[in-house]
Amino acid sequence: MRTLPPPPLLKTCFWVCLGHAVVPVANCKREKYSSQPKENKSFSDFLDYWQNYIESDYSENLDSFYLKDWHFSRDFPNYKAYETPCVFTSDWLNEFWDSKADNDDYRFVYMGPKGSWTPFHADVFRSFSWSANICGRKKWIFYPPGEEENLCNKYGHLVYNIDSAELSDAKLYPNYSKVKSRLEVIQEAGEIIYVPSGWHHQVHNLEDTISINHNWLNGCNVDICWQYIKNNLLQVQHEIADCREMEGWDDQCQLILNATVGIDYDEFLRFMEVISENRINQLQNHLLLVTDQFDGEPKEQNTDKNPPLDKYFVDKIEVLKTGVSSAADSKCLTPSGGCKMTEGQINHCVFDLQSVKDILHDMILTQEFCHLNNCKNRANDLIKTIDTLFNSIAKKIVCTNPSS
């Protein structure tokens, strides 16, 4: 049975409440620079098109338009159409973008008729993503990290359509015969698909479909994101290597990196700073509630009883690395005003800060990063701040449990 768009009364409500919105619409029957060309339409015009397309029985003579990457939550912040599932709330990417002045995010609504689709790709910054079907059915085709190398043509360009007959041309796609893994999943209405970092995928709407999609990063995959950014900088440097002697070459490489990937080294450092500052503030506020005084410096204690930080935190960090903490702890990573943090919230903050520290250590070992104005000093200062806080937490635990 075909799942239709909203019934007339609800559709009319959409028109009245949201019809004026300008939405990005892709044409699934056209290809331009290995992507589907987009144009802006009013939401009401898109709904009119969708209804006419259904009534034409999805005519091959008509374009197949797909409303995708609509920043619905950003454009209608008071609508409160949904809540992020608790297991996906540790979301550094949107936490950072919410802090920026450009009013952007990586929370999207997708709406498309039967037959609309998204070409083969991996997600932005090599982030995780989740996709919840409100109605309709989707077919997902997945390839694990590394297989994409076998799905590039002899020029190094990724195939546009994973089901293209061109892949059988061994001269054009010489490595296609080496592909070993392909996973297909049918997603029903009411189901959520989780896409791990670096998994290339292609998606087809088998019915008229509405879905909610988020891209997200956290301490479990930020290292993959950072490596992806570094790899892209190497590609930029290779492309303009003949200009290496020009003044400001490193800065120029960063500009091109930002234009092609969407972020550069300086902004990625700011990303780490924002995530750290939020967690440092939470932990400091917690310490204020459980101690008579906290001034940012560890109090003098019997150092013989202080456990090594690595020994104390390693078990907590390893547990969190293996998966998401309990739903109760993930549901609200920020304590309510005036309330102490739960053990799960503390452990999650510590894990996040340790993950940031690992990235910062790698950044200051990266030559191109150190060439940028003041970036190395900022990274070192943040590492010191995190270490000071970790020492304060460890010494407070010793004071509370002197026999441990």
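A residue counts as buried when its relative accessible area is under 20%, as exposed when over 50%, and as partly exposed in between. The legends below describe close-up views of a predicted model.

**View 1. The surroundings of D208, a residue in the loop between β10 and β11.** The loop that holds D208 follows β10 (200–205) and leads into β11 (209–216). D208 has a relative accessibility of 1%, so this residue counts as buried. Its side chain makes a polar contact of 2.9 Å with the side chain of W50. The side chains of D208 and Y58 are also joined by a polar contact, here at 2.5 Å. The view further includes I54, which is 154 residues from D208 along the chain. The C-alpha atoms of D208 and I54 are nonetheless separated by 8.9 Å.

**View 2. The salt bridge between D63 and R30.** The structure holds 21 salt bridges, and the pair in this view is a salt bridge between side chains, with an N to O distance of 3.9 Å. D63 belongs to the loop between α2 (43–55) and β3 (65–70), and R30 to the loop between β1 (22–27) and β2 (38–42), so the pair ties together parts that are 33 residues apart in sequence. D63 is partly exposed, its relative accessible area being 27%. R30 is likewise partly exposed, with a relative accessible area of 49%.

**View 3. The salt bridge between E95 and R279.** The two side chains meet with an N to O distance of 2.8 Å. Because E95 is in helix α4 (residues 92–99) and R279 in helix α7 (residues 265–290), this salt bridge ties together parts that lie 184 residues apart in sequence. E95 has a relative accessible area of 23% and is therefore partly exposed. R279, at 5% relative accessibility, counts as buried.

**View 4. The salt bridge between K139 and E184.** In this pair, the closest N and O atoms are 3.6 Å apart. K139 lies in strand β7 (residues 138–143) and E184 in strand β8 (residues 183–187), so parts that are 45 residues apart in sequence are tied together. Both partners fall in the partly exposed class: K139 has a relative accessible area of 22%, and E184 has a relative accessibility of 44%.

**View 5. A network of salt bridges that includes E273.** Salt bridges with shared partners join D266, R270, E273, E277 and R378 into one network. Among these residues, E273 is placed in helix α7. At 10% relative accessibility, E273 counts as buried. When its neighbours within four places in sequence are left aside, E273 is in contact with R378 and L382.

**View 6. The open sheet of seven strands.** The strands of this sheet are arranged in the order β2-β1-β3-β4-β11-β6-β9, and their pairing is antiparallel. At the edges stand β2 and β9 (192–195), each of which pairs on one side only. From one strand to the next, the twist averages 25°. Within the sheet, β3 pairs with strand β4 (residues 107–112) in the antiparallel sense over two bridges. W70 has V109 of β4 as its bridge partner.

**View 7. Helices α2 and α4 against the strands.** Helix α2 lies across β1, β2, β3, β4 and β11. The direction of α2 is at about 145° to β3. Helix α4 packs on the sheet, where it touches β4 and β11. The directions of α4 and β11 make an angle of about 85°.

**View 8. The packing of helices α5 and α7.** The axes of helix α5 (residues 222–239) and α7 come within 11 Å of each other and cross at roughly 170°. Angles over 145 degrees count as roughly antiparallel, and α5 is therefore roughly antiparallel to α7. On the side of α5, the contact is made by V222, C225, W226, I229, K230 and L233. The residues of α7 that take part are Y265, F268 and M272.

How values were computed:
Residues are numbered from 1 along each chain as its sequence is written. This is a predicted model: local features need pLDDT of at least 70, side-chain atom pairs count only at pLDDT 80 or more; totals for chains, interfaces and linings use all residues. Side-chain values use heavy atoms; hydrogens and water are left out. Helices (H or I, at least four residues) and strands (E, at least two) are DSSP runs, numbered from the N terminus. Buried means under 20% relative accessible area, exposed over 50%, partly exposed in between (1.4 Å probe, protein chains only). A polar contact is a pair of N or O atoms within 3.5 Å; within protein, one must be able to donate a hydrogen and the other to accept it, and residues adjacent in sequence count only if both atoms are side-chain atoms. A salt bridge is a side-chain nitrogen of Lys or Arg within 4 Å of a carboxyl oxygen of Asp or Glu. Contact means heavy atoms within 4.5 Å. Two strands pair if DSSP finds at least two bridges between them. Axes are lines fitted to C-alpha atoms, for helices over the stretch in contact, and angles run from 0 to 180 degrees between N-to-C directions. Angles under 35 degrees count as roughly parallel, over 145 as roughly antiparallel, 65 to 115 as roughly perpendicular and the rest as oblique.
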